[in-house]
Amino acid sequence: MIRRQKHQAPFWKAFLVFMVGVFTISYTFEPRGIMVRIPILPLGVLILYLTLRRKNGRWERYRRFAWFGFAGNILLAIMALAAIPLSSIVYPSDDPATYLSNPEKVSLVQSHPAGSDVRLDHQKLHEQLKGMKQAQPDGEMWYMESMVEDENQSKAPERFPYLLNGVEPKWGSGLSPLIYVEGNGKGLLILSGDTQYYYQLSESIIKGGGAE
């Protein structure tokens, strides 16, 4: 018993070794907005091995704590990967409500000179939120439209001259979406991370400016 206590590693040293063992060289990617780090090389464990092996018995005494640190990274990676399918269920990417949970509180701001003095129809936005249909953005046509210059340069065409202000995504999603409104009020362009979603509406959600 006395011999076991003598060779027992002090807590602070074991914790220090554990923390160094956490350091890894990892492959990082971000599917569906969830950052995943896959540990590839146990850098901390390697450093500890090269340092502690010089002293008799040190590496053997502390190596389990070093590997615990590395194993913690693997556990976090597994948890992050497991969260991806769960996230798609709780926060479906094709549901506009994932990006706009508070339609009654948002406001409309003009984000381009091509816009007019219009206001948001909250009732129609709320009514159509669940029935919006996702469509494929025609990037080539939109680009060609933007290249057509008006006589007044400040009025150059812009398909989405308005922006919804005060947008809040579903709680806990971790998303930071930007939602642009089409000039006729019948389309929403949602930008979230590296992905964009285009939704069409049956009725315009803006009033004024001849949009009705």
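Helices and strands are runs assigned by DSSP and numbered from the N terminus, a helix having at least four residues and a strand at least two. With that numbering in hand, Glu182 can be placed in the loop between β7 (178-181) and β8 (187-192). The structure discussed here is a predicted model, and the report moves from the chain as a whole to one pocket and then to single residues.

**The chain as a whole**

The secondary structure of the protein chain comprises six helices and ten strands. Of its 212 residues, 34% are buried, and the chain exposes about 14,000 Å², of which carbon and sulfur atoms supply 56%. If one takes the contacts between residues at least 6 apart in sequence, 58% of them join residues that are at least 24 apart.

**The second largest pocket**

Rolling a probe the size of a water molecule over the atoms shows where empty space is left. In this model, the second largest pocket holds about 150 Å³ of space, and its lining is formed by Trp12, Lys13, Leu16, Val17, Val20, Leu48, Thr51, Leu52, Arg58 and Tyr62. The elements that contribute two or more residues to this lining are α2 (11-21), α3 (43-52) and α4 (58-90). Which element gives the most to the lining of the second largest pocket? That element is α2, with five residues. Sorted by character, the lining of the second largest pocket consists of seven nonpolar residues, one polar residue and two charged residues.

**Four residues in loops and at the chain's later part**

The table sets out the relative accessibility of four residues, where a value under 20% counts as buried and a value over 50% as exposed.

| Residue | Relative accessibility | Class |
|---|---|---|
| Gly172 | 54% | exposed |
| Glu182 | 6% | buried |
| Ser204 | 10% | buried |
| Gly208 | 14% | buried |

Glu182 counts as buried because its relative accessibility is 6%, a value that falls under the 20% cut-off. The side chain of Glu182 is joined to the side chain of Arg159 by a polar contact of 2.4 Å. When residues up to four places away in sequence are left out, Glu182 touches Arg159, Phe160, Pro161, Tyr162, Gly187, Tyr198 and Ile206.

Ser204 is found in the loop between β9 (195-200) and β10 (206-207), and with a relative accessible area of 10% it is likewise buried. What lies 2.9 Å from a polar atom of the side chain of Ser204? The backbone oxygen of Asn184 is found at that distance, while the side chain of Ser204 also reaches the backbone nitrogen of Ile206 at 3.3 Å. Ile206 therefore appears in two of these descriptions, since Glu182, a residue buried at 6% relative accessibility, touches Ile206 as well.

Gly208 belongs to the segment after β10, and its 14% relative accessibility is the reason that it counts as buried. Leaving out residues up to four places away in sequence, Gly208 touches Asp117, Val118 and Arg119. The C-alpha atoms of Gly208 and Ser116 are separated by 8.1 Å, although these residues are 92 apart along the chain.

Is Gly172, by contrast, buried or exposed? Gly172, which is found in the loop between β6 (162-165) and β7, counts as exposed because its relative accessibility is 54%. The C-alpha atoms of Gly172 and Ser87 are separated by 9.9 Å, and the two residues are 85 apart along the chain.

Notes: Residues numbered from 1 in each chain as written. Predicted model: local features only at pLDDT ≥ 70, side-chain atom pairs only at ≥ 80, totals over all residues. Heavy atoms only, no water. Buried < 20%, exposed > 50% of the residue type's maximum accessible area, 1.4 Å probe, protein only. Polar contact = N/O pair within 3.5 Å; in protein donor to acceptor, adjacent residues only side chain to side chain. 1 Å grid on protein atoms, 1.4 Å probe; cavity = no way out; pocket = protein on both sides within 12 Å on 5 of 7 lines; lining within 4 Å. Points joined across faces, edges and corners; volume = space filled by probe spheres on them. Nonpolar A, V, L, I, M, F, W, Y, C, P; charged D, E, K, R; others polar. Contact = heavy atoms within 4.5 Å. Areas by Shrake-Rupley, 256 points an atom, 1.4 Å probe, with all protein chains shown as cover.
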